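Trainee: I would like a close look at one part of this model. Please take me through the sheet and the helices that pack around it.

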Amino acid sequence: MRGPVAPPQVPLSASRGEVFRDLVRDSVERLERRWPQLAEVDFVVLDVPGDLEESVPLGSAVSAAKGRPAQIVVYRRPVEIRTKNRDERALLVHEVVVEQVAELLGLAPESVDPRYGQD
């Protein structure tokens with residue numbers, strides 16, 4: 001028998017990158033209920049940061065500039081390496097998104113999401 005192991009509508013056929021983007025999207029949707037201004041922010045998933053330093057960042061935030069919206073980037077591979085399963089990954093993704101939103105808005109992470117750090 002040749003062909004895909006599972007039909008496209010079954011979660012088994014989703015790539016790791018797609019699953020990770022879904023985790024980021026879920027986290028953003030959760031925060032947008034409280035912070036509607038996040039609809040104007042671009043949320044991007046990249047595999048790895050471009051400039052590798054001593055410590056590898058899990059995410060970054062870039063303020064809006066003339067003709068360019070604010071952007072929050074979550075780096076997939078560094079997050080995946082630090083987690084063992086999907087639940088841990090979902091928690092870490094949400095923490096990274098909350099921290100970057102807090103940095104962008106100039107707030108404490110606990111102000112962005114009162115449950116930050118409690119999971």
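Mentor: Start with the sheet, keeping in mind that this is a predicted model. The sheet is open and has 3 strands, in the order S1-S3-S2, with mixed pairing. Its edge strands are S1 (42-46) and S2 (59-62), and each of them pairs on one side only. From one strand to the next, the twist averages 15 degrees.

Now take one pair of strands. S1 runs parallel to S3 (residues 71-75), and 5 bridges join the two. Look for Val 44 there: Val 73 in S3 stands opposite.

Next, the helices. H1 lies across S1 and S3 and runs at about 155 degrees to S1. H3 also packs on the sheet, where it touches S1, S2 and S3. The direction of H3 makes about 25 degrees with that of S2.

The two helices also meet each other. H1 (residues 16-32) and H3 (residues 86-105) pack with their axes 9 Å apart, at an angle of about 50 degrees. That angle is why H1 and H3 count as oblique to each other. The crossing of H1 past H3 is right-handed. On the H1 side, the contact is made by Val 19, Phe 20, Leu 23, Val 24, Ser 27, Val 28, Arg 30 and Leu 31. H3 brings Arg 86, Arg 89, Ala 90, Val 93, His 94, Val 97, Val 98 and Val 101. Sorted by class, this contact has 11 nonpolar, 2 polar and 3 charged residues.

How values were computed:
Residues numbered from 1 in each chain as written. Predicted model: local features only at pLDDT ≥ 70, side-chain atom pairs only at ≥ 80, totals over all residues. Heavy atoms only, no water. Axes fitted to C-alpha atoms, helices over the stretch in contact; angles between N-to-C directions. Helix = DSSP H or I, 4+ residues; strand = E, 2+ residues; numbered from the N terminus. Parallel < 35°, antiparallel > 145°, perpendicular 65-115°, else oblique. Left-handed = near helix turned anticlockwise from the far one by under 90°. Contact = heavy atoms within 4.5 Å. Nonpolar A, V, L, I, M, F, W, Y, C, P; charged D, E, K, R; others polar. Pairing = 2+ DSSP bridges.
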